[in-house]
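User: I'd like to go through the labels on this model and hear the reasoning behind them. Can we take them one by one?

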Amino acid sequence: FPYCQEITEFDEIKDKIDHTNKAQRQEANKLINEIKIVDPAVGSGHFLVSALNELIAIKSDLQILSYANGDRVKGYTITLDNDELIIQNQETDKLFEYTLNQNNNIIPELQELQSCLFTEKQTIIENCLFGVDINPKSVMICQLRLWIELLKNAYYTKESDHKELHTLPNIDINIKTGNSLISKFAIKDNAFERITGFQKKLEEYKNWVHIYKNTNDKKAKAVLKDNVNRFKDEFKLADLRVTKLQNDLRKLNGTYYDKYQTYQVFASELTEKELKAKEKLEKEINDKQVEIQQLKDNPIYTNAFEWRFEFPEVLDDKGNFIGFDVVIGNPPYGVAMSISERNEAVI
């Protein structure tokens, strides 16, 4: 944030952001909404839900939480209790509860705050929160948990004459199945550069993911998901190690052809030393072929998660891996840690 370059403590930020200035509030909100948080062993999603509510509480604490029209949310205190948002009216201390009046019409103040919280949660879930787990059922539970958290602030829409709740968005695509500890591609691999027309395909990939999050058409979702999967499959074929081995194999085959096939040299014409050299080269070629096939078929990569391109949100316009701002998770169970290591892990 332009006004906070030297700030190291959270409480100091409050004095640097002018919450009465709409432009500064919008700028601060934009930066927070660009924070990328990942849980690489997401499980049921508890940590992501905690992060979601923490970010909203932070916005409230900084007094930058705003309604759709940009006006600041006033008159309410938002805090956390056991990772749950506690929203209280500052005058009455009454807990916020979204209800309609006796005539089943909206109460404007409650409607505004409920829709604000819904929009904030949706924005953070779609833009900031990412998770991976090797267990498909855990992934489903995590997705469901985020949906439920969003559902808590679903509001009756004006389009339905305030009779129907706002349709829940597609928030499942940021939570994925895979072994987050294993991948074929290093995050600095230039995998995209080996694909013809990769720049255009990368733009399409990002666009497909964006559209997926904003459509409720089931057929369109299926097509978009298929496009995304085909894109990733194409890039998975561009394995650097396989490419290197294949180049080595081509060189060995070229050497073999030049020495033993160009002039139709028969075994009977070779000396014992030359025969041994030929057999050695044949063995190298065979070993290289086996190594390539093993790398392609290795079961250890069955559930490998390719951080290099699974989340286009952490790739720049050239396809470089930017990465995440925050990684959250439990320290390894059973590992002996010093006090300083434990404190660092807790931070």
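**Labels and the reasons for them**

Analyst: Let's start with Lys 206: at 24% relative accessibility, Lys 206 counts as partly exposed. Keep in mind that this is a predicted model.

User: What makes Lys 206 "partly exposed"?

Analyst: Buried needs under 20% and exposed needs over 50%. Lys 206 has 24%, so the label is partly exposed.

User: And how do you know that Lys 206 and Asp 317 meet in a salt bridge?

Analyst: The cut-off is 4 Å between a side-chain nitrogen and a carboxyl oxygen. For Lys 206 and Asp 317 the N to O distance is 3.9 Å, so the pair passes. Lys 206 sits in helix α6 (residues 198-213) and Asp 317 in the loop between α10 and β6, 111 residues apart, so this pair links distant parts of the chain.

User: Why is Asp 317 called exposed?

Analyst: Asp 317 has 60% relative accessibility. Exposed begins over 50%, so the label fits.

User: What makes Asp 11 and Lys 14 a salt bridge, and which accessibility label does each side get?

Analyst: Their N to O distance is 3.8 Å, which is within 4 Å, so the pair counts. Asp 11 is at 54%, over the 50% mark, so Asp 11 is exposed. Lys 14 is at 32%, between the two limits, so Lys 14 is partly exposed.

User: Where do Glu 272 and Lys 276 lie, and how do you know that they form a salt bridge?

Analyst: Both are in helix α9 (residues 272-297), four residues apart, about one turn of the helix. Their closest N and O atoms are 3.9 Å apart, within the 4 Å limit, so this is a salt bridge. Both residues are exposed. Elsewhere, salt bridges that share partners join Glu 84, Lys 121, Glu 149 and Lys 152 into one network.

User: How many salt bridges does the rule give?

Analyst: The count comes to 14.

User: Moving on to rings: how many aromatic pairs turn up, and why is the Phe 118 and Tyr 155 pair called edge-to-face?

Analyst: The search of the whole structure finds twelve. For Phe 118 and Tyr 155, the ring centres are 5.5 Å apart, within the 6.5 Å limit, and the planes are at 85°, over 60, so the pair is edge-to-face. Phe 118 is in helix α4 (residues 108-127) and Tyr 155 in the loop between α5 (136-151) and β5 (175-177), so the pair ties together parts that are 37 residues apart in sequence.

User: Are those two buried or exposed?

Analyst: Phe 118 has a relative accessible area of 0% and Tyr 155 has 15%. Buried means under 20%, so both are buried.

User: What makes Trp 307 and Phe 324 edge-to-face?

Analyst: They are 5.9 Å centre to centre with 85° between the planes, and edge-to-face starts over 60 degrees, so the label holds. Trp 307 lies in helix α10 (residues 307-310) and Phe 324 in the loop between α10 and β6 (326-327), so parts 17 residues apart in sequence are tied together. Trp 307 and Phe 324 are buried. They also belong to one aromatic cluster with Phe 130, Phe 305, Phe 311 and Phe 321.

User: Last one: which residues form the negative surface patch, and why is Glu 91 called exposed?

Analyst: The patch is formed by Asp 71, Glu 91, Glu 109 and Glu 112. Glu 91, in the loop between β3 (84-89) and α4, has 77% relative accessibility, over the 50% cut-off, so Glu 91 counts as exposed.

Definitions and conventions:
Residues are numbered from 1 along each chain as its sequence is written. This is a predicted model: local features need pLDDT of at least 70, side-chain atom pairs count only at pLDDT 80 or more; totals for chains, interfaces and linings use all residues. Side-chain values use heavy atoms; hydrogens and water are left out. Rings of Phe, Tyr and Trp (its six-membered ring) pair if their centres lie within 6.5 Å; planes under 30 degrees apart count as stacked, over 60 as edge-to-face and the rest as tilted. Helices (H or I, at least four residues) and strands (E, at least two) are DSSP runs, numbered from the N terminus. Buried means under 20% relative accessible area, exposed over 50%, partly exposed in between (1.4 Å probe, protein chains only). Patches are made of residues with over 30% relative accessible area and no salt bridge: like charges are joined within 9 Å, nonpolar side chains (Val, Leu, Ile, Met, Phe, Trp, Tyr) within 5 Å. Accessible areas come from the Shrake-Rupley method with a 1.4 Å probe; for residues, only the protein chains shown count as cover. Lys and Arg count as positive and Asp and Glu as negative; His and the chain ends are not counted. The place of a charge is taken as NZ of Lys, CZ of Arg, CG of Asp or CD of Glu.
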